[in-house]
Each structure stands twice: as structure tokens, then as C-alpha cells.
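Grab a coffee and work through a few short exercises on the model below. Try each task yourself before reading its solution.

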Amino acid sequence: MKYADRIVTAFTACAMIWAVLGMMAGVYVAAELVWPTIDFGQPALSFGRLRTLHTTLVLFGFGVSALIGTAFYSVQRTSHVRLFAPGLAWFVFYAWQLTIVLGGASVMAGWNAGKEYAELEWPFDIAIAIAWVAFAVVFFGTIGRRRMEAIYISNWFYGALIIVVAMLHIVNSLALPATIGKSYSLFAGAQDAIVQWWYGHNAVGFLLTGGFLGMLYYFLPKQAEQPIWSYRLSIVAFWAFVYTYIWAGPHHLHYHAVPEWVQSLGMVMSLILLAPSWATMVNGIMTVSAASKKLRSDPALKFIVLSLAFYGLATFEGPMLAIKSVNVFSHFTEWTIGHVHSGALGWNALITFGTFYFLVPRLAGAPLYSAKLANIHFWLALAGVMLYVLAMWGAGVSQGVLWLSLDQLGEVRFSFNDVMAAMKPYYALRFIAGLLFLSGALLMAVNLARTFAGRRTVEVAPPAGHRAGAPA
Amino acid sequence: MPVRFSIASLSTVLFRPKAVFEALAAAEPSAAKVFFGFALWIGLLPAVFAYIGTVNFGWRLGVEPVFLPQRTVFAISVAYFLALLLGFLSSAVIARWMAVTYDASQSLGRCYALMAIVGAPLAVGSVIHLYPHVFINVLVLVPTLIWSMYLLYRGLPVVLQTGPNRGMLMASALIAYLLVAAVSLLGITVALWGSGLGPLIGN
Amino acid sequence: MNFLSLHRRIERHTGLLIFGILVVSSIGGLVQVLPIVLDDSHSMPARGVVPYSPLELEGRDIYIRESCSTCHTQQVRPLLAEVKRYGPYSRAGEFAYDRPFLWGSKRTGPDLARVGGKYSDAWHHVHMTDPRAVVPASIMPAYPWLAKRKADEGGTIEARMRTLRRLGHPYSDADIAAAPAALEGRTELDAVTAYLQSLGRSMQGEPEP
């Protein structure tokens, strides 16, 4: 009996394709903010639709494909069994990719449920739910069949991803369909806002954070050839994380028409969230720091380790932005966008890149085609993220301060249009940053494709004898 | 080549960092000499440039220039210098604290020297503060920052004698600290402004 | 049984792990979300707030289709500078018929919560068709197709209003039956303009702070 790894390859390949396409959409919309007429009067190229395409492709195309692929790879190896129901796993693959293709097309055609990161309309919501349930069955089925006594920590995080995202998706998507492409949310106004940001923040929490922590907890110790630094810390951090993250949603609604108590509660819990988030970061850093001096320095490890630095930044900046006196300035500005991308690019993309640079040679049974290209990618990625973040910090703080400035007569000092015009140079910098990051990703796609082209047949079997309780 | 950390060696630090890294690996400088002979002076540059630029040109955030009273500009420049000082000292101390974990040199002098070299491009690049247009400053200082980060990755393994892999790990950990410190500064500044302790931009 | 030993049991049992995650992750929502969703005071329409007319509803659905919320917010915060700039701050009761809510999360362009009545219909027509004709520095995309398309080309307005009625919007049978006629001869641009002109109208006449 061998591990089912062809499906991991399939998800990895699609993840790279969506990464490139999604980032291209991102670069295009960044360009549209500088040159607004490059939609050439075409509805499908209009900023609003392309931005939705961008978020859909990077989150649900790139992000979820990377998560499912790495989940299937690691759950087998931490359970010492072949994937449960491989046929169903292939159903997950095809259903998910088809949903992204058709969903992406629907977005360009104007189908939009009107809620952030949940724009796909009700037929896709149903398709997502079905694919997700199948994912859950395969994943938990594999764990259920494990030959290891304890469930390894990376599986708790992937498990939390599956369960919590299911809960969030079902509740936030509750709507009555009016036509095939249009539905109306069950919730309205302020109540809808509360539900949406309970969903939205925890999509970040459990998809972008929790799921990728699962990736971290498997691939980092593997690359560093060290066990996780502190098992106890990881337990406390996990449960504190699952409990606390859920409460942070209302920090998206400071000074909005929702009750004061829920805003304050969201703020306090966001601050408390810093602890479990950083506990995991410390665990990761200490794990890798114990790595043997003789460990060959390879680009994959560089990416994963740097991603931890950006994880630290993003999980610190988040609670900071959740503080009302900071939020007063940052809300609705480019600062929030900078924060999103320090996490999305610096943490999520970088850890995925590192993981793929490690994983693909193993799937292919061949060494990475070019370590040099990977190192160039590293610097392109770092330069891209830093330029993006600093441009958005500059823009965002300017916006926030200028919008709130009053003159000596107590009247608004700067017109909205003037402040908006002042943002243009920053948008140009952000466009360049995106190009840098995208070009790095393109180099990676070529590198991985070439690596795979040189593949030999690889089949790995679960170990015959093993100590119960030890991870793979 | 003996390491003399004075302003005179600034051009060597900027243009031949490799030689400086190797010299530091060989001979341990004194923390006090690094600080009082070099770091303190280049650390003053951003604050001085910012003061001159703001007084003459005002803050330019892309709309009409904002002119602040000279006393306010002086106070802000002093605060800026102190923040940079705190950043420099804390980074060096934290590098020293991390040294045990990464099997690095525990010489505080070397940590000071490394952080001074890393900060040197930014200190020199801060000449752009003479024209305090936020966008222009971002445009100049981000590439400068990338250069500084590159010096950190290149220099740390040599200066702190960790070897390439541990050096990369430690450099990344330091970057984590620096990113968090930078964003904290942003948040604290903004929160203080909101509470009234800050310049009145509108006036 | 202490926390650590409880976890040891959970990590040896798939079902317990699933259950544990479900329970722990539900608590936040039960405390924060459920009470607000069950409390009608957050969904009670404020005085003067009425359901969207067919033309306004069509305009709103186009606003959603074109993802206008990506750049425009509809939420004036109770901050002095914001109230000075836009008008009275937003109250929950104004959004009783907003499905979904469109408060937005980014202000690339100005907030629209109080835009109703600020500009003429003609201004909106020119602005939507070519934003730079009225705001030279604007980076807003142009929407020339709105003037060329008939409102409710798919003929779904009645179905949509019926769905909203099922969700509690007080549309009468007569309202719904009259809807197609109300859209007769109108373009999508007319619809979006009507929607924009409706924003904030329930708060018009409020005294300045």
C-alpha cells in the first residue's frame, strides 16, 4: 500500500496556476487604480469585477488548493495510512477546481452576492459546501484509520480549518434565491454586518491562519529535521487560538452602527489573540533554530522562516489596528490593505512557496531544477512585500490623518478629492510591488514545472514498524 | 584591516561591506567605540535632515504643504531621533539575546557594529528627508531598506560567526523584531496623535 | 482531569477532536452574533425608512453587480470630521431593508451614505458614464454600458421583490405587480441614479451637529 500522492501533485499544480492568475488579476486592478481607463469600457474588465476575481482566485483558488493538497500529503504521513477514499478525494479536486473556474467566470459576468470574500452566488455556495463535506470525509476518515495513537498537531489545525470554515460558510451564506444568479441574504443591515464580519474575520483566522499553521506544523519540522520545540505550548496555543479568534470579528465595525459592547469585546479579544498567535510563532522559530548546523541551506527553508517573520508582523499589526484609537485613523484606508497583504503575501504566499519548493522535488523524485532561480525569487518576493507594505503604510496614514484634519474654524481641512489625488503615486508603487511579487511567482512556476518534467516515478509506502505517538 | 568605527569609515561600510564584515569577525570592537564613534552620529542624520526639511518645506502629504511651528518640529525631530536610538539599541541587544539560541558570537560590540552597518544605508538615504514629501521618501527609502536587509542577511553569518544556515535563521528572526517594532511605532504615533499629543495637521 | 490530560484524550479520538473544535469555536458566535441577530431592535426600520422602490432596487442590485462597495462605503462614523464632511452619522435603523448590507470596508472614493439629493440626476448620469468629465482627478472606472442597457433586461424584478417580501420587506401584491411598468423605458443608469438618490433620504432634514 502506497501513499496517494498524485492528488497532492494535482492540487499543487492548480494552486500554482491560481496563484499566477490571481496575482495577475491583482496586478491588473492595481494598474487600474493608476490608469482607470484600461478596462477599455468592458464590464468584465471593470475594477469592481476584477477585484472580486482577484480575491476569489487567490483565496479560494490558490489558498484552498494549497491547503487541501498539503493536508492530503501530511495527513497520510502523520497517520501512516493511505488516504481514505481516494476516489472521493479526486471528487473534491475536480469539484473544487470546477467551482473556481465557473465561479471566476460568474464574477466577471456580474454574479455577486455582495458580501466580501463570499461573493460567489448561491449555486456555488452549495457546490462549495458539497466539496467541503467531501474534503472533511476524506481528511477525518484518514485520521480515523490512522495507525498512530495520537493525532499529530498539524491535523488539529487542518481539522479546525475544515470544521470552522464549514460553520462560517453555512451561516454567512444563508440566503433566499430569487433567480439562478441572484439571492438575498437572510440577514439585513446591522445584523448582516455582524454575521459578515464574524465570517470574514474567521475566514482569515481559520483559512489563512489556522490552515496554514497546519502546513507550518508539518513542513517546518520536516525541513528543519527537528521535532516541534514545545508540545505543551502547541496544545495551549491551539485551543486558545480556536476559542479567541472567533470573537475578533467586530473589530471590522468600530464606530459603526452596531452596539458599543460588541465593538469593545471584539477589540479586547483581538488583543488577547496576540498571545496564542505569537505562541505558535515562537514555537516555529525555536523549532527551526535548533536545526543542525550541517543542514544544507536551501531556498525552501528561507521562505518558510521569513514567512514566520511576516506572520509575527501581521498577527501583531492586526490586534494593533483593532485598538479603537488606532482604528480611528486606519479604518477604510490603505493601511488595512497593507495589513492584508503583509499577511497574504508575507505569510501565506511565502510559507506556501517554501512548502512547495520542499514538496515538489519529493513528489517528482528529482532535485529542484534551479536553486539559483529560487533564491532570485526570494529577493523578488521580499522586495515586493516590503514595497507593498511601506507604500500602503505611507498612503494609509496620510489618508487617515488628512481625512480627520480640521482647520482652525473646526471645518474639514482637506477635500476628499485632494486626498484621493494624493494617493496616486502610492498606487503606482503598489503596482510595481505587485509586479515584483508576480514575477517571482512566475519564476517559481517555471522552476517547479521544469523540476516535474524531470520526474521519476515515486511511490512512498507508510513505514512498517513505528512507535505509537510519534509523528511521521 | 583593523576596524576603526568612525565616520571616516562610512564610505567603506557603504561600499565595501564585505571587507568590514570580515574584519569584524576577526577582531571584536568595543560597544562604546561603535556607538560613540559611529552609530550615534549616523543616527543623528535622519533627525537633522527631517528638521531642516520640515522647517523649510513643510510636510507634504500630497496636498498643500503643512507648516508646523518650529518648536513642534524640534520636538518631533527629537522624538524621531530617540525612536531611532531605541530601535538601534534594542535590535543590538535582542541580537545579543538571540545569540545563545543560534550559537552566535555573544559580543555586544559585534552586535552594535552589525546593526550600525545595516542601518548605515538608511541613515545616508535619509538625506531625502530634506524634502519631506512622504511619497518621495517612500520611493527612496524602500529600495534603501531592501539594501539594508540584504546587508543583514549577508553580514550576520560572517560578523556573528554563525555559519550560513543559522545566520539566515537568526537574520529572519531579527527581521521579525524590526517589522514589529516599525509597526508599533506607527501605531503608537497614530494613537498619540489621536489623543492630542501630536501636531495639528489641519492648522 | 486537568486540561493537559483532557487534551491527551481528545488527541487520541477523532470524534472528540471534531466535537471539541466545534464547541470551542461556537462560543464566540453564540455570545456575539446570536443575541444581535435575535434582537429585533437592530433590524427595526428607523422613522422614514421604507423598502426600496422597484427602480431603486434594480439600481441597488446593479450597484452590487458592479461591486461598487469595493471603493465606496455607506457608513458615516460618529467622528466630528466625518460628520462635518458627509452629514449625520449612520444609524442601524436606516439599513433595515439592506440585503445584503453595503457598508463597505474601503474608501477609495467618497462615502455615499448621504449622497442622496447632493447631486442632480444629470450629474450622476454624466459621472457614471465618464467620471473624469466632472471630477478630473478621478480614478473611478467609467460605466458607459449602464446607459445602453434596459433596466431589468432579464425581467426578474417581480421574482426579486417576492423573495424580499418573504424575507420581511413590506411589498404588497400591487407593488409587485406594478414593478415592471415602473421600469418600462428606463435604463440601468436611471436605476442606479435612483438608488443613489435614495441614500440617506430618511435622515434629510436632520439638524447640523
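The exercises below deal with a predicted model, and each one comes with a worked solution.

**Exercise 1. Confidence in chain A**

Find out what mean pLDDT chain A has, and where pLDDT stays under 50.

Solution. Start with the average: chain A has a mean pLDDT of 94. Next, check the spread, and you'll see that 98% of its residues reach 70 or more. Then look for the weak stretch, which is residues 467-472 of chain A, where pLDDT stays under 50. For that stretch the model has 12 contacts beyond four places in sequence.

**Exercise 2. Cysteines**

Count the disulfides over all chains, then check what surrounds C:Cys71.

Solution. The test is simple: two cysteine sulfur atoms have to lie within 2.5 Å. Run it over all chains and the count is zero. C:Cys71 shows how this works out: its nearest cysteine sulfur belongs to C:Cys68 and sits 8.6 Å away, and C:Cys71 is in no disulfide. Now for accessibility, where the cut-off for buried is under 20%. C:Cys71 has 14% relative accessibility, so it counts as buried. Over in chain A, A:Cys14 comes out at 16%, so that one is buried as well.

**Exercise 3. A nonpolar patch**

Work out which residues make the nonpolar surface patch of about 740 Å², and which helix gives the most to it.

Solution. First list the members: A:Trp261, C:Phe19, C:Val23, C:Ile27, C:Leu30, C:Val31, C:Leu34 and C:Leu38. Then ask about the helix: H2 of chain C, residues 14-38, gives the most, with seven residues. Take C:Ile27 as a sample, since its place is in helix H2 of chain C. Its relative accessible area is 31%, so C:Ile27 is partly exposed.

Now step away from the patch. From C:Val23, go 155 residues along the chain to C:Ala178, and you'll find their C-alpha atoms separated by 49 Å. C:Ala178 lies in helix H9 (residues 173-183) of chain C. Its relative accessible area is 42%, so C:Ala178 is partly exposed.

**Exercise 4. Three salt bridges**

Take three of the 26 salt bridges in the structure and say whether each partner is buried or partly exposed.

Solution. Here's the background: side chains of opposite charge can pair when their charged atoms come close.

- Begin with C:Arg201 and C:Glu56, whose side chains meet in a salt bridge at 2.8 Å, N to O. This pair links distant parts of the chain, 145 residues apart: C:Arg201 is in the segment after helix H10 (188-198), and C:Glu56 is in helix H3 (residues 54-65), both of chain C. C:Arg201 has 32% relative accessibility, so it counts as partly exposed, whereas C:Glu56 has 10% and is buried.
- Go on to C:Arg77 and C:Glu82, which meet in a salt bridge at 3.1 Å, N to O. C:Arg77 is buried, with a relative accessible area of 1%. C:Glu82 is buried too, at 4%.
- Finish with C:Asp152 and C:Arg160, where the closest N and O atoms are 3.0 Å apart. C:Asp152 is buried at 13%, and C:Arg160 is buried at 5%.

One last step on that third pair: follow the shared partners. Salt bridges join C:Asp152 and C:Arg160 with A:Lys182, C:Glu58 and C:Asp61 into one network.

Conventions
Residues numbered from 1 in each chain as written. Chains lettered and ligands numbered in written order. Predicted model: local features only at pLDDT ≥ 70, side-chain atom pairs only at ≥ 80, totals over all residues. Heavy atoms only, no water. Helix = DSSP H or I, 4+ residues; strand = E, 2+ residues; numbered from the N terminus. Buried < 20%, exposed > 50% of the residue type's maximum accessible area, 1.4 Å probe, protein only. pLDDT = per-residue confidence, 0-100. Contact = heavy atoms within 4.5 Å. Patch = residues over 30% accessible without salt bridge, like charges linked within 9 Å, V, L, I, M, F, W, Y side chains within 5 Å. Areas by Shrake-Rupley, 256 points an atom, 1.4 Å probe, with all protein chains shown as cover. Salt bridge = Lys/Arg side-chain N within 4 Å of Asp/Glu carboxyl O.
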